[in-house]
Amino acid sequence: MEAGSRESESNPTRGGAVSEDDPAKSPPRPPSDPGKPLASPARRSKEETSESDSGRRKRKRVTDSRVLPTRDSASSGSDSSAYSSPLREPKAPVVPLTDEDGSVSYVFTSDKAAVHKYYNDVEKYDAKMARHERLLTSGRCSITERYTLKDTEAVITYAKSVLTLSSYQDGKVMNQCTGIVVEVDAVKNSAVILTSAWIICSKKPLDDWKNKEYDPEAKVNVHMLDGSVVECRLMYFSKHYEIAYFEIPQASQLQILSLESNVEFDQDVFLLARDTDLNLIYKRDKVQLVDPCEHQHNHYQFVHGPIPECGTGGALLDLSGKVVGMLFYKLPLVAFIPSSLILKCSIMWQRFGQLARPQLGLKLGTLGFLGIPRVDFMSRNFNISSGLIVGEISAKCDAEKLGIRAGDVIFSCQKNRVSSIVQLENVLLGVGEKHLEKSNDLSSEVDVEIGVFHVRKRTQSVVTLRVELSDHLEVFHSDDAC
């Protein structure tokens, strides 16, 4: 092995081992008089420190404090077959000096040639140490990141199904993101990868409720883990849920991850994504008890993250390795769409070739997040202990016309009790699915029955909304005050 012992006591002239991460320590300079005691180690110059710190900042990754290889550097290596020399810290040519009080200090020998040879050896050692610190096997995870060998083996297995995608418009890179292999067809020798429709999005407003522009004809490549690049074919994408499926040819050897429909608030999960150099992004996390911001879609749930933009489309997995959601780069928290909605959309697309979702025109929050005392008060006085709070209403929609106002609580939909936004979305997709079983016409309207607690009147009612079906983005209109 190349790593050697570097004990501070064995070399009093260097104050312990010098590493690239310790700018306060460097080898001492030769004294003008070799007979004088050694001075304390000098600090590096401002220029040296600035240059070194800048280099470290450039190498920093979201996933690890150590440098990770790019695809090019990972495949390249030295042509030399010779072994490198062992990593050993040079010993200083020092001699003991006894002071008048009997204490012993160490000074450089009077042999100037030996002293200068020592400093040349120190420079070589520092350069070798810097190379050593950049090895893939150098460094350890921090205390907060530690996990068992069994965890590591499992994650590495799951990571084989997580790939990087890039899209191109007019020959220029448009977007880069992550994808999850979810299906393999041995007969067609192909695989299906799930990712975010963001990969083909050419116009991305901050507000999710505003129109986005997509280029379904954009060229999309999948970057395989062996470094090869394969062009894939768009099969289907949803503008509202921002999910997309692509077919990868000649890829039946890929491993798949299964989607799990159940995810709970405060559940332990972990994130898997890849950066633009295929380096793995891994983080343990919990599903957060928060609602979307007003500019974010109702159906998002959240984890802390963080992930880079190219982590969009990554996998959120439970501790058994099942995909419970797909990640989206959002601020201030990382969003994900639950797998239950992805599965509903997938089934509807496979059966009917399109998606049908009733558009209520409501921005919603979760009653349960108000806090236990207030929920208890509403439960005791109005028999309302769960539901969805209306935050904002799209101008001139049917809900507004029928007297639903901000602050009211929706406690049921199609006679099903709803306590979370994801439950409501699943009910709405069920309404769309039943409509498509009878007709492929999306120009018609459907009835959606909701139970409402009117907070101002403190009364309950059942309201039937006549709403549009659509497989497009639900656009929110706020022209008029509600």
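In this predicted model, Tyr-236 has Tyr-245 of strand S10 as its bridge partner. That pair belongs to the contact between strand S9 (residues 229-238) and S10, an antiparallel match that runs over 5 bridges. Arg-233 sits in the ladder too, with Glu-247 of S10 as its bridge partner. The hairpin of S9 and S10 has 4 residues between the strands, and Glu-242 there takes a positive phi near 55°.

On to the other neighbour of S10. Strand S5 (residues 190-196) is joined to S10 by 7 bridges, and the two run antiparallel. Here Ala-191 stands opposite Ile-248 of S10. S10 itself, covering residues 243-249, is mostly tucked away, with 6 of its 7 residues buried.

Zooming out, these strands turn out to be part of a barrel: 6 strands close up in the order S3-S4-S5-S10-S9-S8, with antiparallel pairing. From one strand to the next, the twist averages 40°. Helix H5 (residues 339-352) lies across four strands, namely S4 (172-185), S5, S9 and S10, and runs at about 65° to S10.

H5 also has a helical partner. Two packed helices are described by the angle between their axes and the distance between the axes. For H5 and helix H8 (residues 421-438), the angle is about 5° and the axes are 10 Å apart. With the cut-off for roughly parallel set at under 35 degrees, H5 therefore counts as roughly parallel to H8. On the H5 side, the contact is made by Ser-340, Leu-341, Lys-344, Cys-345, Ile-347, Met-348, Arg-351 and Phe-352. H8 brings Val-422, Glu-425, Asn-426, Leu-429, Gly-430, Glu-433, Leu-436 and Glu-437 to the contact. Sorted by class, the contact of H5 with H8 comes out as 8 nonpolar, 3 polar and 5 charged residues.

Then there is helix H4 (residues 149-159), whose buried residues are Val-155, Tyr-158 and Ala-159. These residues cover an arc of only 100° around the axis, so they end up on the same side of H4. The face turned away from that buried side carries Leu-149, Lys-150 and Glu-153, which are exposed. As for what covers the buried residues of H4, the list includes strand S3 (162-169), strand S11 (268-274), strand S12 (280-286) and strand S14 (315-317). Of these, S3 has already come up as one of the strands in the barrel order.

Terms used: Residues are numbered from 1 along each chain as its sequence is written. This is a predicted model: local features need pLDDT of at least 70, side-chain atom pairs count only at pLDDT 80 or more; totals for chains, interfaces and linings use all residues. Side-chain values use heavy atoms; hydrogens and water are left out. Buried means under 20% relative accessible area, exposed over 50%, partly exposed in between (1.4 Å probe, protein chains only). Two strands pair if DSSP finds at least two bridges between them. Axes are lines fitted to C-alpha atoms, for helices over the stretch in contact, and angles run from 0 to 180 degrees between N-to-C directions. Contact means heavy atoms within 4.5 Å. The arc is that of the directions from the helix axis to the C-beta atoms. Angles under 35 degrees count as roughly parallel, over 145 as roughly antiparallel, 65 to 115 as roughly perpendicular and the rest as oblique. Ala, Val, Leu, Ile, Met, Phe, Trp, Tyr, Cys and Pro count as nonpolar, Asp, Glu, Lys and Arg as charged, and the others, Gly among them, as polar.
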